[in-house]
Amino acid sequence: MIINRVDKNFAVAPQIAPQDMAALAADGFTTVICNRPDGEEPGQPDVATMRAAAEAEGMAFHHIPISGGVFPPDSVAAHRTARQEATGATLAYCRSGTRSITLDAIANPDERELEERLRLAADAGYDLSALRGRVA
């Protein structure tokens, strides 16, 4: 499991597995957000399995699927709300982590300036500079 910390309250990751939930909970995560549509790739754990594993460890689970590089306003709002209502650290995941970090930068739940959002993403290993206009 690869965790890319953005700050103390948020991290992104490539696809995780149901058996990773115990380690995430032990590491202080209280919320998990899945940004993958079900069945996006063969062998990907389905959302129901991931939700059950997260909830078994006492974590909240949100499914906010993003596909085709489109970040609909309702998905942006749902992500923002999930992050702001989290009682501890949040982990968002997708195939590589890029959709998750992009969605967080667009949703801007911590109300950060654009340059800070881009810097935090870069520090976590994701270059969002090409999306500057979209993230703004």
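Helices (H or I, at least four residues) and strands (E, at least two) are DSSP runs, numbered from the N terminus, and the parts of this structure are named in that way below. The model is a predicted one, in which local features need pLDDT of at least 70 and side-chain atom pairs count only at pLDDT 80 or more, while totals for chains, interfaces and linings use all residues. Residues are numbered from 1 along each chain as its sequence is written, and side-chain values use heavy atoms, with hydrogens and water left out.

A good place to begin is the loop between helix 4 and helix 5, where E111 lies. E111 is exposed, with a relative accessible area of 58%; here buried means under 20% relative accessible area, exposed means over 50%, and partly exposed means in between, as found with a 1.4 Å probe on the protein chains only. Most residues other than glycine have a negative phi, and most peptide bonds are trans. The phi of E111, however, is positive, near 50 degrees. N108 also has its place in the loop between helix 4 and helix 5, and its phi is likewise a positive value near 50 degrees in a residue other than glycine. Unlike the exposed E111, N108 counts as buried, at 14% relative accessibility.

The loop also takes part in pairings of charge. Side chains of opposite charge can pair when their charged atoms come close. A salt bridge is a side-chain nitrogen of Lys or Arg within 4 Å of a carboxyl oxygen of Asp or Glu, and by this rule the count comes to 12 salt bridges. In one of them the side chains of E111 and R80 meet, with 2.9 Å from N to O. This pair links distant parts of the chain, since E111 is in the loop between helix 4 and helix 5 and R80 is in helix 3 (residues 73-85), 31 residues apart. R80 counts as partly exposed, at 24% relative accessibility.

A second salt bridge, between R83 and D110, has an N to O distance of 2.8 Å. This pair, too, links distant parts of the chain, with R83 in helix 3 and D110 in the loop between helix 4 and helix 5, 27 residues apart. R83 counts as buried at 7% relative accessibility, whereas D110 is partly exposed, with a relative accessible area of 37%. Salt bridges that share partners join D7, R83, D104, D110, R112 and E116 into one network. Another salt bridge is formed by E40 with R36, where the closest N and O atoms are 2.6 Å apart. Of these partners, R36 counts as buried at 1% relative accessibility, and E40 is partly exposed at 34%.

Beyond the loop comes helix 5 (114-123). Which of its residues are buried? The buried residues of helix 5 are L114, R117, L118, L120 and A121. Seen down the axis of helix 5, these buried residues fall within an arc of 165 degrees, so they line one face of the helix; the arc is that of the directions from the helix axis to the C-beta atoms. They pack against strand 1, helix 4 and helix 6 (132-135). Just after helix 5, G125 takes a positive phi of about 100 degrees.

Helix 6 holds V135, which is buried, with a relative accessible area of 2%. Contact means heavy atoms within 4.5 Å, and, leaving aside its neighbours within four places in sequence, V135 is in contact with A105, I106, L114 and R117. The C-alpha atoms of V135 and A105 are separated by 6.1 Å, although these residues are 30 residues apart along the chain.

Last comes the empty space inside the structure. On a 1 Å grid over the protein atoms alone, a cavity is a set of points where a 1.4 Å probe fits but cannot get out, and lining residues have an atom within 4 Å of a point. Grid points are joined across faces, edges and corners, and a volume is the space filled by probe spheres set on the points. The structure holds one cavity of 30 Å³ or more, and about 100 Å³ of space lies in the largest cavity. Of the 14 residues that line the largest cavity, the closest to its centre are V6, D104, A105, R112 and R117. Strand 1 (4-7), helix 4 (98-107) and helix 5 (114-123) each supply at least two residues of this lining.

Notes. 1 Å grid on protein atoms, 1.4 Å probe; cavity = no way out; pocket = protein on both sides within 12 Å on 5 of 7 lines; lining within 4 Å.
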